[in-house]
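Subject: Structure handover, with notes on the interior

Dear colleague,

I am passing the structure below on to you, and after it you will find my notes on what turned up when its interior was examined. Please read them alongside the coordinates.

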Amino acid sequence: MASAQPTPIRCGYVALIGAPNSGKSTLLNRLVGRKLAIVTPKPQTTRTRLLGIAIEGSSQIIFVDTPGIFTPRGRLDRAMVAAAWSGAEDADETLLLVDASRGIDQDTRRILDRLAERGRRSILALNKIDLIRRERLLGLTEELSREGDFDPNFMISGLKGDGVQDVRRYLAGRMPPGPWLFPEDQLSDAPERLIAAEVTREQVFLQLHNELPYASTVETERWEDRPNGSVRIEQIIYVQRPGQRAIVLGEGGKRIKAIGARARAELERMLERRVHLFLFVKVREDWIEDRERFEALGLDYNA
Ligand SMILES: Nc1nc2c(ncn2[C@@H]2O[C@H](COP(=O)(O)OP(=O)(O)OP(=O)(O)O)[C@@H](O)[C@H]2O)c(=O)[nH]1
Ligand SMILES: [Mg+2]
């Protein structure tokens, strides 16, 4: 009697790519079942690659959240877009997210062109389907299937979770056979210091407007584990001009207090311990040209 074939152990990388704001980070969090990546309504939130690791059956799927791909202007933009493309190129599979409520915008069009140029197959996920009507969805799928060599189209809502389990299962089966690269309980490769800085940056994006989110960056300067189990975290918010510093501080320090309070609450949830968070705002006109700032984000300065 033939015995059942053992299920092969599989492991691989899946890059989540797409135009800014298409919902990559939301989906990463949903796929992993834990908030790892920051999410805001503003485009260009994610600045660097972040791994989120999931287990599905006998497969370990290493998801790579990437910055949105757009036409870069400055050095930081270039480094972000380069990080996204290298995330895609290093991965076993790429999952291209298209915001169904926006359709194929210019950024998505360019991504499709470059994928086609490279002859790279990509799996397409139409995201945010909770926002649009079914007829529009069908039209959009037809338009996209004419665009290139796409694998099954998934229609999902990263926010609500519709279709996400199908994507996970499908990808699990496509991972190459091989041993798991991370311990079973590891969810990310990101250092805690970086995730902590991201949490504060999320609040900067959510609570400040206009150019400020883009004119600022956050770094964890000190991390001190206390004997009583709490942690003391000191962070610097870099801005480019004194006027921006004044806005981040707010009247009587109100704004920075609110940013700190929300970030601290979020950190306590993530780290499951008490957090003492100290935020400092520094003006550094050229942080955006500063090699150290890029290194703190894990970005290539010369991209
Ligand atoms: N309605 C709806 N909103 C979504 C969905 N997925 C993401 N969003 C929202 O879209 C916005 C952008 O989501 P992100 O996950 O930050 O998008 P992103 O692709 O990571 O963006 P960048 O990092 O800037 O490239 C947020 O306001 C999310 O709440 C979805 O399935 N449905
Ligand atoms: Mg993102």
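The largest cavity has a volume of about 100 Å³, and I should say at once that this value, like everything that follows, comes from a predicted model. The lining of the largest cavity is made up of Ser25, Leu36, Ala37, Ile38, Thr46, Thr48, Leu50, Asp65, Leu194, Ile195 and Glu198, which divide by class into six nonpolar, three polar and two charged residues. Helix α6 (residues 192-207) supplies the largest share of that lining, namely three residues.

Two of the lining residues, Ser25 and Thr46, come up again at the metal site, where Ser25 (OG) and Thr46 (OG1) are the protein donors of the magnesium ion (ligand 2) and lie 2.0 to 2.1 Å from it. Because Ser25 belongs to helix α1 (residues 24-32) while Thr46 sits in the loop between α1 and β2 (50-56), the pair ties together parts that are 21 residues apart in sequence. Both Ser25 and Thr46 are buried.

In total, the structure holds two cavities of 30 Å³ or more, and the second largest has a volume of about 40 Å³. Its lining consists of Ala19, Pro20, Ser22, Leu97, Val98, Asp99, Arg102, Gly103, Asp105 and Thr108, a set with four nonpolar, three polar and three charged residues. Here strand β4 (residues 93-99) gives the most, with three residues.

Turning to the packing, the largest nonpolar core contains 48 residues, of which Phe63, Leu95, Ile233 and Val248 touch the most other members. The largest share of this core, six residues, is provided by helix α8 (residues 254-271). There is also a second, separate core of 40 residues, with Ile17, Leu76, Ala100 and Leu126 included in it.

Val248 may be a convenient residue to display when you look at the larger core: leaving aside residues up to four places away in sequence, Val248 touches Leu208, Leu212, Ile237, Val239, Arg255, Ile256, Ile259 and Val281. Among these contacts, Arg255, Ile256 and Ile259 fall within the residue range of helix α8 (residues 254-271).

With best regards

Notes:
Residues are numbered from 1 along each chain as its sequence is written. Chains are lettered from A and ligands numbered from 1 in the order in which they are written. This is a predicted model: local features need pLDDT of at least 70, side-chain atom pairs count only at pLDDT 80 or more; totals for chains, interfaces and linings use all residues. Side-chain values use heavy atoms; hydrogens and water are left out. A nonpolar core is a set of buried Ala, Val, Leu, Ile, Met, Phe, Trp, Tyr and Cys residues joined through side-chain atoms within 4.5 Å. Buried means under 20% relative accessible area, exposed over 50%, partly exposed in between (1.4 Å probe, protein chains only). Helices (H or I, at least four residues) and strands (E, at least two) are DSSP runs, numbered from the N terminus. Contact means heavy atoms within 4.5 Å. On a 1 Å grid over the protein atoms alone, a cavity is a set of points where a 1.4 Å probe fits but cannot get out, and a pocket is an open set with protein on both sides within 12 Å along at least five of seven lines; lining residues have an atom within 4 Å of a point. Grid points are joined across faces, edges and corners, and a volume is the space filled by probe spheres set on the points. Ala, Val, Leu, Ile, Met, Phe, Trp, Tyr, Cys and Pro count as nonpolar, Asp, Glu, Lys and Arg as charged, and the others, Gly among them, as polar. Donors are N, O and S atoms within 2.8 Å of the metal (3.2 Å for Na, K and Ca); water is not among the atoms, so sites may look incomplete.
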